[in-house]
Amino acid sequence: VYTLCQQRLAKLKGTHGMTLKVHHGSATTLPFEDERFDIALNRHMLHCVPKTVIPDVLREIHRVLKANGIVH
């Protein structure tokens with residue numbers, strides 16, 4: 001999946017005035033400091049992890065979000 005994301009990102013490079021990066025990591029230990037992001041986008045992932053892991057994933061999302069951040 002990581003390689004596919006990198007390939008798609010290369011095609012988008014420089015379009016729409018955006019800078020995009022792909023990071024490879026674990027949803028339970030995100031490689032970012034606390035309160036880094038304004039928004040966390042989670043699409044089609046939570047249903048793929050064991051139910052016992054979901055609280056850990058949500059804690060990590062909350063950790064990296066700024067105080068008034070949004071989870072989508």
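The following exercises, with worked solutions, concern a predicted model of a protein chain.

**Exercise 1. Confidence**

Determine which helix has the highest confidence and which the lowest.

*Solution.* Begin with the chain as a whole: the mean pLDDT is 87, and 93% of the residues score at least 70. Next, turn to the individual elements. Confidence is lowest in helix H1 (residues 2–12), where the mean is 80. Helix H2 (residues 54–64) has the highest confidence, at 96.

**Exercise 2. The two sides of H2**

Establish which residues of H2 are buried, and explain why they line one face of the helix.

*Solution.* First, apply the cut-off for burial, under 20% relative accessible area. In H2, Val57, Glu60, Ile61 and Val64 are buried. Second, look down the axis of H2: the buried residues fall within an arc of 100°, and therefore line one face of the helix. This agrees with a general rule: an α-helix has 3.6 residues a turn, so residues three or four places apart point the same way. Third, examine the other side of H2, where Arg59 and His62 are exposed. Finally, identify the cover: strand S1 (37–40) and strand S2 (65–71) are among what covers the buried residues of H2.

**Exercise 3. The largest pocket**

Describe the lining of the largest pocket and state which element gives the most to it.

*Solution.* Start with the space in the largest pocket, about 1,500 Å³. Its lining comprises 32 residues, of which Lys21, Val22, His23, Phe32 and Leu41 are the closest to the centre. Then assign the lining to elements: H1, S1 and H2 each supply at least two residues, and H1 gives the most, with five. Lastly, classify the lining residues: 20 are nonpolar, seven polar and five charged.

Conventions
Residues are numbered from 1 along each chain as its sequence is written. This is a predicted model: local features need pLDDT of at least 70, side-chain atom pairs count only at pLDDT 80 or more; totals for chains, interfaces and linings use all residues. Side-chain values use heavy atoms; hydrogens and water are left out. pLDDT is the predictor's confidence in each residue, from 0 to 100. Helices (H or I, at least four residues) and strands (E, at least two) are DSSP runs, numbered from the N terminus. Buried means under 20% relative accessible area, exposed over 50%, partly exposed in between (1.4 Å probe, protein chains only). The arc is that of the directions from the helix axis to the C-beta atoms. Contact means heavy atoms within 4.5 Å. On a 1 Å grid over the protein atoms alone, a cavity is a set of points where a 1.4 Å probe fits but cannot get out, and a pocket is an open set with protein on both sides within 12 Å along at least five of seven lines; lining residues have an atom within 4 Å of a point. Grid points are joined across faces, edges and corners, and a volume is the space filled by probe spheres set on the points. Ala, Val, Leu, Ile, Met, Phe, Trp, Tyr, Cys and Pro count as nonpolar, Asp, Glu, Lys and Arg as charged, and the others, Gly among them, as polar.
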